[in-house]
Every structure is written in structure tokens, then in C-alpha cells.
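Hello,

Here is the structure I promised to pass on to you. Please have a look at it first, and then read on for what turned up in it.

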Amino acid sequence: MLNEQLANGAFLTVEYDGKANSMTIGWGMEGRCWNRPVFVAMIRPSRFTFELMKKAKTFTVSIPAEGEMKKELIHFGKVSGRSENKFRSCGIILKDAKEIPGKILEGCQSYYECRILFSQQMDSNGFVGSELIRHAFYPQGDYHYIVFGEIVEKY
């Protein structure tokens, strides 16, 4: 079910030092690692959200109901939080997360609150037999960071 929800888009949100930013994600996984429930996300280092995430210890994922918030998902994927307050521009209300320091986006169907356990940039040599992926998704060599977040709360 998560794969179908993410295919329609979700908001990954990070807050640090009173500054919150969200970006649109369409990739991610839920599973178990290190005897903990985890949400695994991929974030390019060029993203403003990643700048905040390097300092923060938590992140949230807010997943709208299918067909909802499409305009906002597109906007959040195109505009950088460095230059615009996307929440204000789209009329989105932020609420405090229940269990972690961070924010969720009001009006979504599902939420994940995560504590960052591990983050590392992908190594281009790891694409074993997958040159097509490397060339299609990373022509500039801007490899994602893979971030493992322990799911602290899910609702």
C-alpha cells in the first residue's frame, strides 16, 4: 500500500532551528533494519531539505489521500525552500509532530515520524549491472543520500 501512496507523491519535511522545509518524494521504503521499523528515503544533496536534514535528527513524511494535493506536490517539487516559503504560497498549515521535534502537513491521510539512524551518499560503483539507471537518473553525478529513519510514530 505504501508503494501506491508514494507513487502519487508525498511530502518529506525537516525542521531545524525553527526553519521547516518540505520536498516532494515519490520513492521510499518501509521495512525493518537493526531490529527497528524504518522508513528509507532518498534525497539529493542539492536540496534545501537536505541542508536542514544534515543538522536535524528527525524528519516526517506526510502522505495525502490519492488524488489530493496534486497542485501542492507539483509546486513543492519545483520550487526551492531557499527562495520561497512553500507552505505560505500553497496555504498549507504545519502542525507539530506527535512524538518527535518536527512538523507534519495538515490535511494528509498518513504520517510517519522518523528519527534519523543513518545517512550516506550513494556510491556510483554500487550500480552493478545497472548502467541504465545510473545514466538515466544521475547524468550529472548528483547521487542521492540514502537516509534510514526509525519510525517513531505512524498514523
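**Salt bridges**

A search through the whole structure turns up 6 salt bridges. Please keep in mind as you read that this is a predicted model. As a general background, side chains of opposite charge can pair when their charged atoms come close.

A good place to begin is Arg-36, which forms a salt bridge with Glu-150; their closest N and O atoms are 3.4 Å apart. Arg-36 lies in strand S4 (residues 36-43) and Glu-150 in strand S9 (residues 145-154), so this pair ties together parts that are 114 residues apart in sequence. How exposed or buried are the two partners? Arg-36 is partly exposed, at a relative accessible area of 34%, while Glu-150 is buried, with a value of 16%. The cut-off for buried is under 20% relative accessible area, so Glu-150 falls in that class.

Glu-150 has another partner too: its side chain meets that of Arg-115 in a salt bridge, at 3.3 Å from N to O. Here Glu-150 is again the residue in strand S9, and Arg-115 lies in strand S8 (residues 110-121), so the pair ties together parts that are 35 residues apart in sequence. Arg-115 is partly exposed, with a relative accessible area of 37%. Put together, Arg-36, Arg-115 and Glu-150 are linked in a network of salt bridges.

You will also find a salt bridge between Asp-96 and Lys-103, where the closest N and O atoms are 2.4 Å apart. Asp-96 counts as exposed, at 56% relative accessibility, whereas Lys-103 is buried, with a relative accessible area of 19%.

**The largest pocket**

Next, have a look at the largest pocket, which holds about 180 Å³ of space. Which residues line the largest pocket? They are Met-23, Thr-24, Ile-25, Gly-26, Trp-27, Met-42, Ile-43, Arg-44, Arg-47, Gly-77 and His-144. Strand S2 (19-25) and S4 are the elements that give two or more residues to this lining. S2 provides the largest share of the lining, with 3 residues. By character, the lining residues divide into 5 nonpolar, 4 polar and 2 charged.

S4 is worth finding in your viewer, as Arg-36 from the salt bridge with Glu-150 lies in this strand, and S4 also gives two or more residues to the pocket lining.

**A nonpolar patch on the surface**

Trp-27, which is among the residues of the pocket lining, also turns up on the surface. Together with Ile-133 and Phe-137, Trp-27 makes a nonpolar surface patch of about 280 Å². Phe-137 is found in helix H5 (residues 131-137) and is partly exposed, with a relative accessible area of 39%.

**A loop to look at**

Where does Gly-67 sit? Gly-67 is in the loop between strand S5 (58-63) and helix H3 (70-78). Gly-67 is partly exposed, at a relative accessible area of 44%. From C-alpha to C-alpha, Gly-67 and Val-14 are 24 Å apart in space, and in sequence they are 53 residues apart.

Enjoy exploring, and write back whenever you like.

Best wishes

Note on methods. Residues are numbered from 1 along each chain as its sequence is written. This is a predicted model: local features need pLDDT of at least 70, side-chain atom pairs count only at pLDDT 80 or more; totals for chains, interfaces and linings use all residues. Side-chain values use heavy atoms; hydrogens and water are left out. Patches are made of residues with over 30% relative accessible area and no salt bridge: like charges are joined within 9 Å, nonpolar side chains (Val, Leu, Ile, Met, Phe, Trp, Tyr) within 5 Å. Accessible areas come from the Shrake-Rupley method with a 1.4 Å probe; for residues, only the protein chains shown count as cover. A salt bridge is a side-chain nitrogen of Lys or Arg within 4 Å of a carboxyl oxygen of Asp or Glu. Helices (H or I, at least four residues) and strands (E, at least two) are DSSP runs, numbered from the N terminus. Buried means under 20% relative accessible area, exposed over 50%, partly exposed in between (1.4 Å probe, protein chains only). On a 1 Å grid over the protein atoms alone, a cavity is a set of points where a 1.4 Å probe fits but cannot get out, and a pocket is an open set with protein on both sides within 12 Å along at least five of seven lines; lining residues have an atom within 4 Å of a point. Grid points are joined across faces, edges and corners, and a volume is the space filled by probe spheres set on the points. Ala, Val, Leu, Ile, Met, Phe, Trp, Tyr, Cys and Pro count as nonpolar, Asp, Glu, Lys and Arg as charged, and the others, Gly among them, as polar.
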